[in-house]
Amino acid sequence: MTSTMMRMSQRRVGLLGGTFDPPHIGHLVVAVEARATLNLDEVWLLVAHTPWQKTGRGVTDAEHRLAMARAAVVGLDGLVASDFEFDPPGPTYTVDTLRDIRAQHPGADLYFITGADALGSILTWQGAEELFGLARFVGVSRPGYELTDAHITEAFHRLPDDALHLVEVPALSISSTDCR
């Protein structure tokens with residue numbers, strides 16, 4: 001094992017996926033808070049090449065969204081804008097991304113960061129039965145979604161021990177749609 005692989009195998013990496021159209025302060029606050037709260041070495045902003053859930057809606061070109069994400073993380077220690085979901089180009093699902101990252105970095109301790117709004121439906125995601133063996137999940141608070149809402153707590157009570165961490169972030173009512 002090379003020294004680079006050894007270093008990666010010992011790393012705690014947060015994965016924050018999204019369209020990032022455009023990236024904004026809310027994304028950065030989530031990444032910084034998750035990194036600090038969970039003592040992560042890095043948080044990767046995984047820019048979706050082709051966000052399947054936004055089919056039919058106008059989405060800024062993937063290369064432009066990646067360039068904006070890279071500009072957004074400049075000077076923020078431990079935050080990295082990643083093009084991991086660009087190869088191969090096309091729609092990706094979280095389970096596929098996690099499989100690929102796990103294959104390339106088998107010893108890394110992975111934390112997939114998602115909003116509280118997504119937690120209630122996490123067990124319906126593509127490959128849900130496999131997700132929790134690939135990474136730990138981090139649920140972050142969002143305006144309008146409490147981490148204690150019944151539909152969210154019911155979902156995460158059925159998860160394996162240590163599969164989910166909850167992180168409260170400052171309430172910022174901001175969205176990429178509003179920014180555009």
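The exercises below work through the nonpolar cores and salt bridges of one predicted model.

Residues are numbered from 1 along each chain as its sequence is written, and side-chain values use heavy atoms, with hydrogens and water left out. Because the model is predicted, local features need pLDDT of at least 70 and side-chain atom pairs count only at pLDDT 80 or more, while totals for chains, interfaces and linings use all residues.

**Exercise 1.** Describe the largest nonpolar core and find which elements give two or more residues to this core.

*Solution.* Begin with the term: a nonpolar core is a set of buried Ala, Val, Leu, Ile, Met, Phe, Trp, Tyr and Cys residues joined through side-chain atoms within 4.5 Å. Here buried means under 20% relative accessible area, exposed means over 50%, and partly exposed lies in between, with a 1.4 Å probe and protein chains only. The largest core has 25 residues, and those with the most contacts inside it are Leu16, Val43, Leu45, Ile113, Val138 and Val140. Next come the elements, which are DSSP runs numbered from the N terminus (helices: H or I, at least four residues; strands: E, at least two). Two or more core residues come from each of helix 2 (25-38), strand 2 (42-47), helix 3 (62-73), strand 3 (79-82), strand 4 (109-115) and strand 5 (136-140). Helix 2 gives the largest share, six residues.

**Exercise 2.** Find which residues Glu33 is in contact with, leaving aside neighbours within four places in sequence.

*Solution.* First, Glu33 is placed in helix 2 and is partly exposed, with a relative accessible area of 28%. Contact means heavy atoms within 4.5 Å, and with those neighbours left aside Glu33 is in contact with Val167, Glu168, Val169 and Pro170. Finally, compare sequence with space: Glu33 and Val169 are 136 residues apart in sequence, yet their C-alpha atoms are 6.5 Å apart.

**Exercise 3.** State where Arg136 and Asp109 lie, and explain what their salt bridge ties together.

*Solution.* A salt bridge is a side-chain nitrogen of Lys or Arg within 4 Å of a carboxyl oxygen of Asp or Glu, and by this rule the count comes to seven. In one of them the side chains of Arg136 and Asp109 meet at 2.3 Å, N to O. Arg136 lies in strand 5 and Asp109 in strand 4, so the pair ties together parts that are 27 residues apart in sequence. Arg136 is partly exposed at 23% relative accessible area, and Asp109 is partly exposed at 24%. As a last step, salt bridges that share partners join Arg12, Asp109 and Arg136 into one network.
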